Amino acid sequence: MSTTMTTNPLRVGLRQERVIAPQCLVIFGASGDLTHRKLVPALFELFMQRRLPSEFAVLGCARRPWSDEEFRSKMAEAMADKITDNPQAWEQFSAGMFYEPVDLQKPEDLVKLGGRLETIDRLRATRSNRTFYLSVSPKFYGSGCRALADAGLLRDPERSRVVIEKPFGRDYSSAQALNKVVQSCGQENQIFRIDHYLGKETVQNIMVLRFANTIFEPIWNRNYISSVQITAAETVGVEERAGYYESSGALRDMVQNHLTQMLAITAMETPGRFDPEAIRSEKAKVLQAARLADELEPWNCCIRGQYGPGGSQSAPLKGYRQEPGVDPNSTTETYVAMKLFIDNWRWQGVPFYVRTGKRLAKRLSEVVLTFREAPVHLFDAAGGSPTANQLILRIQPDEGAEFRFEVKSPGSGMRSRPVEMEFSYDESFGEPSDEGYVRLLADAMLSDPTLFTRSDEVEAAWRLYTPLLELIEDSPWRLPIHPYESRTWGPAAADSMLARDGLLWRRP
Amino acid sequence: MSPQLTLQTPLELPPSEIPAYLEQLWAKDQPTSQGAHTFCLLVWQPAWVEQQLVRTGRINGPITGVQRDEVITAARQVVSDSDLPLTTPPLTASVGQALGSLNGDQQAEDLRGQHVDAAVSTLRPRRLITLAPSLDASHPLETLVAAYCPLPEEGGGTAACGDVVVLRGGYAALTQGLTILQPLLPEDLPSWVWWNGSLDEAPELLEQLAIAPRRLIFDSALGSPHHCLNLLRDRIEAGQSVNDLNWLRLRGWRETLAMVFDPPQRRNALGHVVQLDIDVEGEHPVQGLLLAAWIADRLGWELGNSEPESNGIITASFSRSDGASVTMRVAPVPVGQPSIHPGQIVGMRLICQPDHQPAACVILCAESGGCMRLEAGGMASMELIEEVVPVQHSRVEADVARLLEGGHDTTTPLLAAAAPLAAKLLH
């Protein structure tokens with residue numbers, strides 16, 4: 001074995017995973033994109049990792065009149081590349097896949113579904129244990145839960161749960177209304193509001209980094225940290241999602257959920273124990289303490305942008321308004337940058353800058369904590385002035401963390417220069433981490449809500465952005481859309497917002 | 001979670017009436033009856049040491065079969081009082097035999113099978129059948145039956161319940177009672193057989209109980225090493241789903257060793273292993289052999305020869321895929337307070353000699369002991385990587401519940417590959 005080992009042979013088949021109890025996963029919207037792109041591949045991955053019990057079944061439900069066999073073959077077609085190497089495993093896995101035509105709006109279909117589930121219980125010994133996944137249009141989340149509850153399928157809180165995709169509401173009041181509906185259908189511990197960012201190893205690692213080490217937490221506060229930047233940048237444009245994106249925009253699509261969750265995990269207080277409710281309570285509390293830097297005049301702390309054409313002559317890129325399905329006069333933002341404060345003892349006065357955008361220069365998500373400068377500069381800095389210490393948590397790609405600090409530059413003088421201390425998931429573990437859906441589906445089936453958002457968290461997140469949403473609704477000219485060239489770092493106005501504070505966005 | 005008792009006093013019925021009684025209990029026309037559609041668990045529950053401790057008055061009853069601190073402490077005391085070697089694990093046959101030679105006739109209530117560990121009861125087994133052999137070989141067969149519901153605070157609902165059946169008596173009487181078992185195990189539910197005793201005792205009975213497709217749970221640390229490994233190998237080769245609690249307890253070692261080689265820059269060293277040493281507690285090498293076999297299988301080594309040495313040390317040589325040879329040694333070491341599980345690994349050492357690079361030595365050491373023997377001997381020039389493997393504190397009932405909950409109907413592929421090789425190493 002003189003060649004380089006690409007995988008660790010001792011790691012194969014060795015995951016220390018919790019055991020998923022026998023159950024049936026019911027996917028509503030099974031004919032949709034998410035099912036064959038994410039959900040069934042994630043389940044097959046769990047099966048390959050032997051994390052699914054033998055007593056397991058998947059029941060696809062949608063309005064199309066497919067048979068079990070049609071459902072299996074459509075999934076097989078969509079996952080052909082994954083199945084090629086493991087045809088036997090697929091055969092075994094797909095033997096537990098079934099399909100039932102169901103219209104969630106028709107009570108008689110739900111009765112039929114109940115009967116089918118009982119048959120599956122007998123066939124696969126799935127012990128009346130069910131996870132219902134609502135991969136349907138958001139307008140059916142409430143009525144879907146209601147229909148399941150009316151059919152008695154959510155009666156047992158230990159053995160039934162519902163997973164709800166994003167977006168959970170469109171604003172604070174609609175999220176509140178939806179919460180009321182779903183909570184009337186079952187207990188809060190049965191409701192799993194999914195945010196796939198929380199399935200990322202690196203987002204979870206923020207908690208481990210903070211709470212499993214003694215060196216970070218004592219300096220994780222206003223006394224040592226001067227500012228925090230949270231970035232989620234994409235290089236892609238709107239692609240085929242124009243229909244959805246036009247009514248959503250970057251604020252609803254990315255900031256209210258993914259970026260806010262990163263903010264909450266970065267800024268939350270230490271939970272008393274590693275327990276879903278303790279963690280979610282701390283996240284909810286920090287979001288309740290968060291606010292826009294200028295709530296009265298939000299235009300001072302928020303910049304909206306929209307990508308225009310760009311690229312090169314040989315590979316031109318369309319602007320947002322030229323994309324298929326987009327209104328040529330659209331004022332939907334594809335970029336948002338904003339400044340927030342968290343009014344609590346830990347973070348009072350520390351600005352949190354959050355930005356996200358499509359067609360930016362690089363694809364990356366990261367959290368950057370910039371520390372205060374040393375009170376006295378004893379040494380000359382090679383770069384003119386000493387660089388503030390920074391802790392950079394790289395969420396994706398190139399997952400890991402780095403810490404920038406000053407050291408003595410070699411030579412006879414006493415000049416300092418910055419260096420980086422680096423941790424890379426790739427170098428330390430050398431294994432790709434699971435797709436977020438693998439982790440989150442497993443957690444939902446394990447009834448572990450730690451990585452799912454609770455009702456108060458969702459509402460606090462929407463409440464945080466309410467002044468902006470109202471402004472966009474009532475006086476959109478106050479938050480104008482700043483165009484930016486595709487494959488740049490967004491509009492100049494976003495740079496100016498930081499420049500006013502004497503800061504720059506980090507250029508990764 | 002505390003263990004639970006059945007909610008009603010078990011009914012003693014003649015064996016022949018039990019199938020009909022249960023059939024009637026779960027008949028569809030009974031308004032309150034809806035059995036859990038989960039699984040059946042058949043347990044061989046001898047609890048010999050516990051029975052002897054009660055008989056000799058060293059502990060009070062009731063006899064439950066659940067591994068609890070009181071039983072373990074009393075059994076450790078027996079080791080010291082009976083001048084057994086200090087390396088004797090407390091719940092093994094030799095402790096039972098030592099107690100057997102002592103006088104005593106204290107009686108206690110026998111709740112084996114009715115005293116359901118909460119880790120198991122929360123899974124709502126549809127039927128829990130316990131075979132509870134008594135010390136008195138001439139004890140006639142008693143059969144008890146009770147309906148069972150987990151309490152709501154233990155995760156129980158109101159709809160689905162199960163039942164417990166206990167067959168109690170001398171060995172001969174129990175064997176006679178086996179005829180009622182087959183109709184008691186519904187074909188549409190997965191059935192598990194948990195052999196919670198030494199694999200040396202009652203081999204015919206084990207043969208009759210553990211028939212495919214029933215899923216078998218046992219502990220290869222209990223019984224003679226040859227017999228344990230042969231049984232493990234034979235059952236796996238026959239295609240039965242086998243779950244070995246001794247293998248399950250190896251997870252910390254496998255995980256820690258894999259962790260050492262997670263960084264890609266260390267991985268190449270795995271292709272240049274020249275020596276593997278494993279130290280185990282006492283005279284039971286099975287866990288050490290399973291670990292060695294797992295490593296050999298994962299690294300693609302071919303077994304050359306294997307031979308036992310005089311003082312309990314087992315040596316073997318393997319050839320790597322590049323033709324170079326690897327020496328393996330599994331050695332017993334004495335420990336002051338042995339684990340309740342015989343033959344637990346105390347430490348391991350892996351020496352790698354990559355070309356044109358300094359040799360590397362990986363030492364893993366159990367949290368509970370020292371590794372001085374492995375740390376000695378000419379490693380000063382090597383890159384030394386040392387890790388401590390945490391002791392696992394989970395109770396056997398919790399481990400079994402974990403297996404039941406997972407519900408795999410095949411043997412884990414890693415064990416399926418390692419067990420036959422471990423059996424060869426012992427021969």
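Let me begin with strand 7 of chain B, residues 162-169, which is mostly covered, since eight of its eight residues are buried. I should say at once that we are looking at a predicted model. In a regular strand the side chains alternate between the two faces of the sheet. Here, G162(B), V164(B), V166(B) and R168(B) point one way from strand 7 of chain B, while D163(B), V165(B), L167(B) and G169(B) point the other way, and all of them are buried.

Which strands, then, does strand 7 of chain B pair with? On the one hand, strand 5 of chain B runs parallel to strand 7 of chain B and is joined to it by seven bridges, with I129(B) standing opposite V165(B). On the other hand, strand 6 of chain B, residues 142-148, runs antiparallel to strand 7 of chain B, and seven bridges join these two as well; in that pairing, L144(B) has V166(B) as its bridge partner.

Staying with strand 5 of chain B, which covers residues 127-133, I would like to point out P133(B), which lies in that strand. Is P133(B) buried or exposed? P133(B) counts as buried because 27 other C-beta atoms lie within 10 Å, and the cut-off for a buried residue is 20 or more. If we set aside residues up to four places away in sequence, P133(B) touches P46(B), G170(B), Y171(B) and L174(B). The contact with P46(B) links positions 87 residues apart along the chain, with their C-alpha atoms separated by 5.4 Å.

Stepping back to the whole of chain B, we find 16 helices and 17 strands, and of its 427 residues, 48% count as buried. Among the contacts in chain B between residues at least 6 apart in sequence, 72% join residues at least 24 apart. The C-alpha atoms of chain B fill a box of roughly 80 × 50 × 40 Å along the principal axes, and the radius of gyration is 23 Å, which agrees with the value near 22 Å for a compact globule of 427 residues.

Turning now to chain A, there is an open sheet of six strands, in the order 3-2-1-4-5-6, with parallel pairing. At its edges are strand 3 (97-101) and strand 6 (191-193) of chain A, each of which pairs on one side only, and from one strand to the next the twist averages 20°. Strand 5 of chain A, residues 160-164, runs parallel to strand 6 of chain A and is joined to it by three bridges, with I164(A) opposite R193(A).

As for the interior, the largest nonpolar core has 129 residues, of which L43(A), V162(A) and L441(A) touch the most other members. Helix 9 of chain A, residues 242-267, gives the most to this core, namely eleven residues. L441(A) touches L39(A), A42(A), L43(A) and L46(A), again leaving aside residues up to four places away in sequence. Apart from this core lies another, of 106 residues, including V116(B), A119(B), I345(B) and L374(B).

Finally, how many residues does each chain bring to the contact between them? Chain A brings 30 residues and chain B brings 37 residues. On the side of chain A that touches chain B, helix 5 (107-124) and helix 11 (425-429) of chain A each supply at least two residues, and the largest share, three residues, comes from helix 11 of chain A. By class, that side of chain A has twelve nonpolar, nine polar and nine charged residues.

Methods
Residues numbered from 1 in each chain as written. Chains lettered and ligands numbered in written order. Predicted model: local features only at pLDDT ≥ 70, side-chain atom pairs only at ≥ 80, totals over all residues. Core = buried A, V, L, I, M, F, W, Y, C linked by C-beta atoms within 7 Å. Buried ≥ 20, exposed ≤ 12 C-beta atoms within 10 Å, placed from the backbone. Helix = DSSP H or I, 4+ residues; strand = E, 2+ residues; numbered from the N terminus. Contact = placed C-beta atoms within 7 Å. Nonpolar A, V, L, I, M, F, W, Y, C, P; charged D, E, K, R; others polar. Pairing = 2+ DSSP bridges. Axes fitted to C-alpha atoms, helices over the stretch in contact; angles between N-to-C directions. Rg over C-alpha atoms; globule rule 2.2 N^0.38 Å.
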